Amino acid sequence: MVSICVEKLVKKYKNGVQALDGLSLTVNEGEIFSLLGQNGAGKSTLIKVLTTYLYPTSGSVIMLGKDIYHEAAAIRPHISCVAQNTSIDMYLSVTENMMFQSKLYKVPKVEAQKRMEMLIDSFELKQYLKYPVSSYSGGVKRRLDIALNMMSNPKILFLDEPTIGMDIQSRMVMWNMMKKIKNEFGTTIFLTTHHLEEIDQLSDTICIMKNGKEVIQGTPYVLREYLRQDMLKINFTSEETARKCFEPLKAVIALKETDLHHDRIITNLKNGHADLEEVNRWLLDHDIPFLGIEIIQPTLEDVFIRLTGENGREVC
């Protein structure tokens, strides 16, 4: 079943800025749907429309079988949004925070108590109960924030860059939490993130946005298949060496500006191994120090760069 169906969505602000320009996407029930795009792509505006904070200019949004234009009040009890700024009250305990959240959603007290105990156990928060919330690390606060938003048992959980600023260990804990929310609670997760590896680890479906429109939508595998062509990767000893070689190498193999990635050049192969041999010969003939040269399969990063022109590992 479909949880969210967006058709030709437009949002134009009073100052003339058009944040969404005919966007269409589909989110299936019980999946992790990841939204990816550059700054200004329209991700934040889309989240605000889907969570009923903003009224769209035109287009169609059906969420949980209801029209977001006319039935927003019926949708709100079944969705929850974890924004980048946490909604935790630092002066309340974990249990007080969670029970307060349940009151906002009018969850009966007995049911709320049972749900709180289950979430504390599921999200491994029990060990922190004796400490003040203000003393928690950023990762634990984020975990608690998600637990708070699960108190209403939402059918759709919106997560806006939930791992921003976290180290890799905290991010891995968060990834496990998201998988648990999907698998054990059956909640549909709508995720925005700037970590491409996160999307690869978690996503059932990915949508790449640019200039308020969807560029492509599909599974990680489908997106990689979008670039079936093999790629040539050259690892140089330094970023400076890569830059110096870039212009001369254009005479050997067709390169675009987006093919230069710090101390690497990654480009599409038109002539397979023949191109690899030509480049390798040029590097050796000119005594260019390099760490390796190989033919690789495209990654999600390659798909993103190809479709948006954004050069870099992390995007917003």
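What is the handedness of the crossing of H3 and H5? The crossing is right-handed, and the first view below shows it in a model that is predicted. The other views visit a sheet, some salt bridges, two loop residues and one strand residue.

**View 1. Helices H3 and H5 cross in a right-handed way.**
Start with H3, which spans residues 94-104, and its neighbour H5, which spans residues 138-149. Their axes come within 9 Å and cross at roughly 30 degrees. On the H3 side, look for Val94, Asn97, Met98 and Gln101; on the H5 side, the contact is made by Leu144, Ala147, Leu148 and Asn149. What kinds of residues make up the contact of H3 with H5? Five are nonpolar, three are polar and none is charged.

**View 2. Six strands line up in an open, mixed sheet.**
Reading across the sheet, you will meet the strands in the order E6-E7-E8-E3-E9-E10. From one strand to the next, the twist averages 15 degrees. The edges are taken by E6 (79-82) and E10 (213-218). Each of these two has a single partner strand, so one side of each is left without a neighbour in the sheet.

**View 3. Edge strand E6 pairs with E7, and helix H6 packs on the sheet.**
Zoom in on E6 and you will find E7 (residues 156-160) beside it, paired in the parallel sense over four bridges. One pair to look for is Ile79 with its bridge partner in E7, Ile156. Helix H6 packs on this sheet, touching E3 (32-37), E7 and E8 (188-192). The direction of H6 makes about 150 degrees with that of E8.

**View 4. Lys182 and Asp204 join in a salt bridge.**
Side chains of opposite charge can pair when their charged atoms come close. A search of the whole structure finds 10 salt bridges, and one of them links Lys182 to Asp204, with the closest N and O atoms 3.0 Å apart. Lys182 belongs to helix H6 (residues 168-185), while Asp204 sits in the loop between helix H7 (196-202) and strand E9 (205-210). The pair therefore ties together parts that are 22 residues apart in sequence. Lys182 is partly exposed at 23% relative accessibility, and Asp204 is partly exposed too, with 26%.

**View 5. Glu247, Lys250 and Glu257 form a network of salt bridges.**
Here three residues are linked. Between Lys250 and Glu257, the closest N and O atoms are 2.9 Å apart. Are these two partners buried, partly exposed or exposed? Lys250 counts as partly exposed, at 32% relative accessibility, whereas Glu257 is exposed, at 53%.

**View 6. Glu278 and Arg281 meet within helix H10.**
The side chains of Glu278 and Arg281 form a salt bridge with an N to O distance of 3.0 Å. Because the two are three residues apart in helix H10, about one helical turn separates them. Glu278 is partly exposed, with a relative accessibility of 41%, and Arg281 is partly exposed, also at 41%.

**View 7. Lys106 and Asp287 have positive phi values.**
Most residues other than glycine have a negative phi, which makes these two worth a stop on the tour. Phi of Lys106 is near 60 degrees, and this residue lies in the loop between helix H3 and helix H4 (109-122). Lys106 is exposed, with a relative accessible area of 74%. Phi of Asp287 is near 50 degrees. You will find Asp287 in the loop between helix H10 (273-285) and strand E14 (290-296), where Asp287 counts as exposed at 68% relative accessibility.

**View 8. Lys12 of strand E1 meets residues from further along the chain.**
The last stop is Lys12, in strand E1 (residues 2-12). Leaving aside residues up to four places away in sequence, Lys12 touches Val17, Gln18 and Thr57. How far apart are the C-alpha atoms of Lys12 and Pro56? They are separated by 7.8 Å, although the two residues are 44 residues apart along the chain. Lys12 counts as partly exposed, at 45% relative accessibility.

Notes:
Residues numbered from 1 in each chain as written. Predicted model: local features only at pLDDT ≥ 70, side-chain atom pairs only at ≥ 80, totals over all residues. Heavy atoms only, no water. Buried < 20%, exposed > 50% of the residue type's maximum accessible area, 1.4 Å probe, protein only. Axes fitted to C-alpha atoms, helices over the stretch in contact; angles between N-to-C directions. Left-handed = near helix turned anticlockwise from the far one by under 90°. Contact = heavy atoms within 4.5 Å. Nonpolar A, V, L, I, M, F, W, Y, C, P; charged D, E, K, R; others polar. Salt bridge = Lys/Arg side-chain N within 4 Å of Asp/Glu carboxyl O. Pairing = 2+ DSSP bridges.
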